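Q: I would like to go through this structure step by step. Could we start with the charged side chains and then move on to other topics?

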Amino acid sequence: MENEGLNSNQTNSFLGSLSYWKAINLRMTLIKAQYNQSKFGINDENAYKQALLEYDDKAQLKYDFERALKSGI
């Protein structure tokens, strides 16, 4: 059976290949998914604002992306 999921190099390559807007959209999607797991929701505007604030935090994006892949959120 193939190794499931992406390895660190594949994750870094994928995330590094994203344009600015694709990275913002991915962050928004991950942020909204995390909030939807709790009793609190988040609207698109607030998810967008948070994504903009976190744009430079590449380690956080990688962590959230890998977490989403592993947990299915």
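A: Certainly. This is a predicted model. In it, the side chains of Lys32 and Asp44 form a salt bridge, with 2.4 Å from N to O. Lys32 belongs to helix α2 and Asp44 to helix α3, so the pair, twelve residues apart, links distant parts of the chain.

Q: Why can such side chains pair at all?

A: Side chains of opposite charge can pair when their charged atoms come close.

Q: Are Lys32 and Asp44 buried or exposed?

A: Each falls in between. Lys32 is partly exposed because its relative accessibility is 26%, and Asp44 is partly exposed because its relative accessible area is 44%. The class "partly exposed" covers values between 20% and 50%.

Q: How many salt bridges are there in the whole structure?

A: A search of the whole structure gives two. Besides the bridge between Lys32 and Asp44, there is one between the side chains of Lys49 and Glu45, at 3.3 Å from N to O.

Q: Where do Lys49 and Glu45 lie?

A: Both are in helix α3, four residues apart, which is about one turn of the helix. Lys49 is partly exposed, because its relative accessibility is 43%.

Q: Changing topic: what is the overall secondary structure?

A: The protein chain has four helices and zero strands. From the N terminus on, the order of elements is α-α-α-α.

Q: What about the inside? Which residues have the most contacts in the largest nonpolar core?

A: They are Leu15, Leu26 and Leu30, in a core of 15 residues. Helices α2, α3 and α4 (58-71) each supply at least two residues of this core. The largest share, six residues, comes from α2.

Q: Why would nonpolar side chains be buried together?

A: As a general rule, this is what nonpolar side chains tend to do in soluble globular proteins.

Q: What does Leu15 touch?

A: Leaving aside neighbours within four places in sequence, Leu15 is in contact with Leu26, Leu61, Lys62 and Phe65.

Q: And Ile24, is that residue buried or exposed?

A: Ile24 is buried, because its relative accessibility is 0%, and the cut-off for buried is under 20%. This residue is in helix α2. Not counting residues up to four places away in sequence, Ile24 touches Tyr48, Ala51, Leu52 and Tyr55.

Q: How far apart are Ile24 and Leu53?

A: They are 29 residues apart in sequence and 9.9 Å apart in space, from C-alpha to C-alpha.

Q: Now the outside. Which residues make the nonpolar surface patch?

A: Tyr20, Trp21, Tyr48 and Leu52 make a patch of about 380 Å². Helices α2 (20-36) and α3 (44-53) each supply at least two of the patch residues. Tyr20, for instance, is in helix α2 and is partly exposed, because its relative accessible area is 34%.

Q: What share of the residues is buried?

A: Of the 73 residues in the protein chain, 26% are buried. The accessible surface of the chain comes to about 5,400 Å², and 50% of that belongs to carbon and sulfur atoms.

Q: Finally, what is the mean pLDDT?

A: The mean pLDDT of the protein chain is 87, and 89% of its residues reach 70 or more. Among the elements, α3 has the highest mean, 94, and α4 the lowest, 90. Where pLDDT is low, the predicted coordinates should not be read in detail.

Note on methods: Residues numbered from 1 in each chain as written. Predicted model: local features only at pLDDT ≥ 70, side-chain atom pairs only at ≥ 80, totals over all residues. Heavy atoms only, no water. Patch = residues over 30% accessible without salt bridge, like charges linked within 9 Å, V, L, I, M, F, W, Y side chains within 5 Å. Areas by Shrake-Rupley, 256 points an atom, 1.4 Å probe, with all protein chains shown as cover. Salt bridge = Lys/Arg side-chain N within 4 Å of Asp/Glu carboxyl O. Buried < 20%, exposed > 50% of the residue type's maximum accessible area, 1.4 Å probe, protein only. Core = buried A, V, L, I, M, F, W, Y, C linked by side-chain atoms within 4.5 Å. Contact = heavy atoms within 4.5 Å. pLDDT = per-residue confidence, 0-100.
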